Amino acid sequence: MTEIQVSVEIDAQIDNVWDVVSDIDNEPKFWKGTKEIRNISKNDNLVNREITIAFRDQKCMQEVKLYPKEKIEALFTKGVIVGSKIITLTAKDKKTVLNVKWDIKLSGMMGMFTGMIKKHIQSGTEQALQKIKEEIER
């Protein structure tokens with residue numbers, strides 16, 4: 001498994017940050033690695049969905065659980081990516097620290113490319129957090 005961790009401090013209250021990041025249907029707007037989302041089921045704070053990722057237009061199944069104003073856990077349950085992406089929000093004075101932690105690998109024969117895609121995921125995460133920060137601080 002490969003771990004990637006990226007954080008950004010946003011000059012906004014946690015409620016404002018939560019409003020943007022918890023709109024998980026809007027993910028492709030910020031995350032260039034996510035091309036398309038198709039929700040399969042929603043039950044309270046649990047969403048099962050199929051996402052199309054930029055890596056060869058591969059489809060992955062995700063189970064996303066929202067913990068209001070605290071974190072979002074996205075578990076990759078089927079597809080080329082195995083593992084999780086966890087987004088956490090922490091209040092800091094009148095600001096919010098947004099942290100993303102990936103713990104993933106590529107499945108099957110693609111596993112040998114996990115190291116190569118780590119740089120792309122790290123870069124994409126940094127860009128996504130910057131876009132989220134800019135949107136909120138506008």
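Three exercises with worked solutions follow, on a predicted model.

Residues are numbered from 1 along each chain as its sequence is written, and side-chain values use heavy atoms, with hydrogens and water left out. Local features need pLDDT of at least 70 and side-chain atom pairs count only at pLDDT 80 or more, while totals for chains, interfaces and linings use all residues.

**Exercise 1. The nonpolar core**

Find which elements give two or more residues to the largest nonpolar core, and which residues Ile132 touches.

Solution.
1. A nonpolar core is a set of buried Ala, Val, Leu, Ile, Met, Phe, Trp, Tyr and Cys residues joined through side-chain atoms within 4.5 Å. Buried means under 20% relative accessible area, exposed over 50%, and partly exposed in between (1.4 Å probe, protein chains only).
2. The largest such core holds 38 residues, and Leu98 and Ile132 have the most contacts inside it.
3. Two or more residues come from each of β1 (2–10), α1 (14–21), β3 (46–53), β4 (59–67), β5 (71–78), β6 (81–92), β7 (95–106) and α3 (114–137). Helices (H or I, at least four residues) and strands (E, at least two) are DSSP runs, numbered from the N terminus.
4. The most residues, 6, are given by α3.
5. With contact defined as heavy atoms within 4.5 Å, Ile132 touches Ile10, Val20, Val21, Phe30, Trp31 and Leu98, residues up to four places away in sequence not being counted.

**Exercise 2. The pairing of β3**

Determine how strand β3 pairs with β2 and with β4, and whether β3 is enclosed or open.

Solution.
1. Two strands pair if DSSP finds at least two bridges between them.
2. Strand β2 (residues 34–43) runs antiparallel to β3, joined by 8 bridges; Lys42 stands opposite Val47 in β3.
3. The hairpin of β2 and β3 has 2 residues between the strands, and Asp44 takes a positive phi near 55° there.
4. On pairing with β4, β3 is again antiparallel, over 7 bridges, with Asn48 opposite Glu63 in β4.
5. This second hairpin has 5 residues between β3 and β4, and Arg56 in the turn has a positive phi of about 60°.
6. Because 6 of its 8 residues are buried, β3 is largely enclosed by the rest of the structure.

**Exercise 3. Positive phi in two loops**

Locate Lys69 and Asp93, and classify each as buried or exposed, or in between.

Solution.
1. Most residues other than glycine have a negative phi.
2. Lys69, in the loop between β4 and β5, has a positive phi near 60°. Its relative accessible area is 41%, so Lys69 is partly exposed.
3. Asp93 lies in the loop between β6 and β7 and has a positive phi near 55°. At 75% relative accessibility, Asp93 is exposed.
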